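This report goes through a structure site by site, beginning with a metal centre and moving outward to the fold and the backbone. Please keep the structure at hand while reading.

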Amino acid sequence: MKTSIATVSIAGDFVEKLAAISAAGFDGIEIFENDFLAFDGSPKEVGQMVRDHGLEIYLFQPFRDFEGLPEPYRSKAFQRAERKFDIMQELGTDLVLICSSVASAALGGIDRAADDLAELGAIAAKRNLRIGYEALAWGKHVSDHRDAWEIVRRADHPNVGLIVDSFHTLGRQIDPQTIRSIPGDKIFFVQLADAPNIDMDLLYWSRHFRNMPGEGDLDVVAFMSAVAATGYEGVLSLEIFNDQFRGGSPKAIALDGYRSLLNLMDEVKYAEPNLIINVPDMPKKTDVKGIEFVEFAANETEAEELGKLLSTMGFEKSGNHISKEVALWRQGKINIVINTEREGFAQSSYIYHGTNICDIGMRVSDAQATVERAKTLGASLFEQPVGPGELKIPAIRGVGGGIIHFIDDKSGLEKVWEIEFKQPKNTKPPIGAGLRTIDHIAETMNYEEMLTWLLFYASIFNTHKTPMIDVVDPAGLIRSQVIENESGSFRLTLNGAENRRTLAGNFLAESFGSSVQHLAFSTADIFETYEQLCKNGFIPLKISDNYYDDLDTRFELDANLLQKLRQNHILYDRDENGEFFQLYSQSYGDGFFFEITERRGAYKGYGASNAMYRIAAQKRKMPPKGMPKLLNEPYPRQRTKSNP
Ligand code: MG
Ligand code: MG
């Protein structure tokens, strides 16, 4: 498998791009002339610099508006081609991409185009160069890879081949299976891109919204499976035009690109079990069986506040670590760890972000295999010294810098609680409040980084994603996307903030980019849970009356139920499969909060239509910028008070 990326796909000056592409692990690049025009050096020097970075130039592009022209334009097009060939030879690359013409002077006709390509192929052959023809989805006469292939077939020249591009085929909803009948040796190059499903002008969509395979909604796996079936064994190259990527970190985008190619070919391997797919060996995607624990980093004062809040939700402190300042709080199958150590990862996470969730423990079928897959896909492993009597639990770094630990039962790692924690003696069995499991984890990030997070999770774990939706915050939009598995044992919501005035953006700014903004627990009976919480002194987030009036018109609820929802500040949603109930805590620290949910029937969502009401209620509670929080507010933020 030879991997490549177009230099236009990422940000930076030419040298930065090459460094990032090389560091990410790519074998080569496709080069755009524009990309190095600003660079102060001859094409020969550019070529040398690329090779000095350990990269090859697999393709030079684009050569536009070549075929089907009448004279005198035709002769001029051949002269232009010769000039491009000069540059290619100086650069040290042998393949040029000719995209189907959009010139107004271009005439139609498969044979006319084939004659032009054959004649140019003969000129290229004298220089040992090759030409690849690609159907642009918006080409004037040729906009379909099947027509492009027919032209190449009739040109019948060994130096003339076809270039296929997943965006142009899938973006026009052309069946990718039609690629299977093309001989693999006549496909000279394969370009890959995904894109979100947006109904808009093809050209605009292509130039601004393409993304990495796996990040969008196109069936790039079906496309690539068809290409693999032809016997094609050449370069796989990412050609991504995306405004966000061009403004993003070259290093991060290049890493995403490399990860997306490996993940794509791994998916193709399973989609086409009868083909030999040349992709680095890695364990299968991991099935997440549940969230085993979440770990907060805190100082002693804040740990006490957090403990109080957990107590009101029915949690009991059920153990202390054998050698560290780490407490375990439990209820149902939920394990919450509060780490107040003065050294190690939790401490540095606390210093940077304040109290935050610094570590998530996932229950998986095979912890070691999960880490191996993640590592192959470019994730960093995480290790810190293990004390006497402690288990060595495999872990990686998440995208935002937090840690993800993996626990399985085949290696005995599930016994960590009994082995590493002293349980207090003679405790009464906890009464609890009916909370059973973690329903979902909500992570917040800058919108520009959202696709990186998505690809990270989707490439390591067995999941699917739902379409991205917009959530209205009075100060701007939040983009929200769900990643979940079939059984519901792993549910994540990713929330991309575009500015810091939104609730999510404010959380990011105040916590210096910590990631988990809310944690949702499940209960089997939210009304019983609510009663118990009230006895414990829990103060729910107050929801406005207007919300309940609107709810009535939307769902025509039973008057008793509506009254109960209103009194208990419980939010409600319904879909064709079932019902959903939500209750929120007050915000804690920099804007973190808890949610309690009950799912009835097979409700699949997350109450997205309620999010704007929840946000409005939370914003009413927020102090004006720069003012300390009111003293009578529950759970004041200690760090701010002592260090204004
Ligand atoms: Mg292309
Ligand atoms: Mg939620």
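## The second magnesium site

Glu-595 has a relative accessible area of 1% and is therefore buried, as the cut-off for that term is under 20%. The model in which this value was computed is a predicted one. Glu-595 supplies an OE donor to the magnesium ion (ligand 2), which is also coordinated by the NE2 atoms of His-440 and His-518, at 2.2 to 2.3 Å.

Read along the chain, the donor residues of this ion follow the spacing H-x77-H-x76-E. Because His-440 lies in strand 17 (residues 435-446) and Glu-595 in strand 25 (residues 593-601), the pair ties together parts that are 155 residues apart in sequence. His-440 counts as buried as well, its relative accessibility being 2%.

## The first magnesium site

Which protein atoms act as donors to the magnesium ion (ligand 1)? They belong to Glu-134 (OE), Asp-165 (OD), Gln-191 (OE1) and Glu-239 (OE), and they lie 2.1 to 2.2 Å from the ion. The spacing of these donor residues in sequence is E-x30-D-x25-Q-x47-E.

Two of the donors can be placed in strands: Glu-134 is in strand 5 (residues 130-134) and Asp-165 is in strand 6 (residues 160-165), so that together they tie parts of the chain that are 31 residues apart in sequence. Glu-134 is buried, with a relative accessible area of 2%, and for Asp-165 the relative accessible area is 2%, which also makes it a buried residue. For a reader who wishes to examine the geometry at either ion, the ideal angles are 109.5 degrees for four tetrahedral donors, and 90 or 180 degrees for six octahedral ones.

## Strand 1 and its partners

Strand 1 (residues 2-6) is mostly covered, since four of its five residues fall under 20% relative accessible area and are buried. It runs parallel to strand 8 (residues 235-238), to which four bridges join it, and within this pairing Ser-4 stands opposite Ser-237.

Strand 1 also pairs with strand 2 (residues 28-32), again in the parallel sense, over three bridges, and here the bridge partner of Ile-5 is Ile-29. Between strand 1 and strand 2 the chain passes through helix 1 (residues 14-24), and the β-α-β crossover made in this way is right-handed. As a general guide to viewing such strands, the side chains of a regular strand alternate between the two faces of the sheet.

## Asp-35 and its surroundings

Asp-35 belongs to helix 2 (residues 33-37) and, at 16% relative accessibility, counts as buried. Its side chain makes a polar contact of 3.1 Å with the side chain of Lys-17. When neighbours within four places in sequence are set aside, the residues in contact with Asp-35 are Thr-7, Val-8, Phe-14 and Lys-17.

## Helix 13 and its end

Is the residue Tyr-350 of helix 13 (residues 345-353) buried or exposed? Tyr-350 is buried, and the buried residues of this helix also include Phe-345, Ala-346, Gln-347, Ser-349 and His-353. Just after helix 13 comes Gly-354, whose phi is positive, at about 80°.

## Backbone exceptions

Most residues other than glycine have a negative phi, and most peptide bonds are trans. Against that background, a cis peptide bond joins Gln-61 and Pro-62, with omega at about -10°, and Pro-62 is located in strand 3 (residues 56-63). A cis peptide bond likewise joins Glu-71 and Pro-72, with omega at about 5°, and in this case the proline, Pro-72, lies in the loop between strand 3 and helix 4 (73-91).

Positive phi values in residues other than glycine are found at Asn-128, where phi is near 60°, and at His-569, where phi is near 55°. Asn-128 is placed in the loop between helix 5 (110-126) and strand 5, and with 65% relative accessibility it counts as exposed. His-569 sits in the loop between helix 20 (559-568) and strand 23 (571-575), whereas its relative accessibility of 14% makes His-569 a buried residue.

Terms used:
Residues are numbered from 1 along each chain as its sequence is written. Chains are lettered from A and ligands numbered from 1 in the order in which they are written. This is a predicted model: local features need pLDDT of at least 70, side-chain atom pairs count only at pLDDT 80 or more; totals for chains, interfaces and linings use all residues. Side-chain values use heavy atoms; hydrogens and water are left out. Donors are N, O and S atoms within 2.8 Å of the metal (3.2 Å for Na, K and Ca); water is not among the atoms, so sites may look incomplete. Buried means under 20% relative accessible area, exposed over 50%, partly exposed in between (1.4 Å probe, protein chains only). A polar contact is a pair of N or O atoms within 3.5 Å; within protein, one must be able to donate a hydrogen and the other to accept it, and residues adjacent in sequence count only if both atoms are side-chain atoms. Contact means heavy atoms within 4.5 Å. Two strands pair if DSSP finds at least two bridges between them. A crossover is right-handed if, with the strands pointing away from the viewer, the path from the first strand over the helix to the second runs clockwise.
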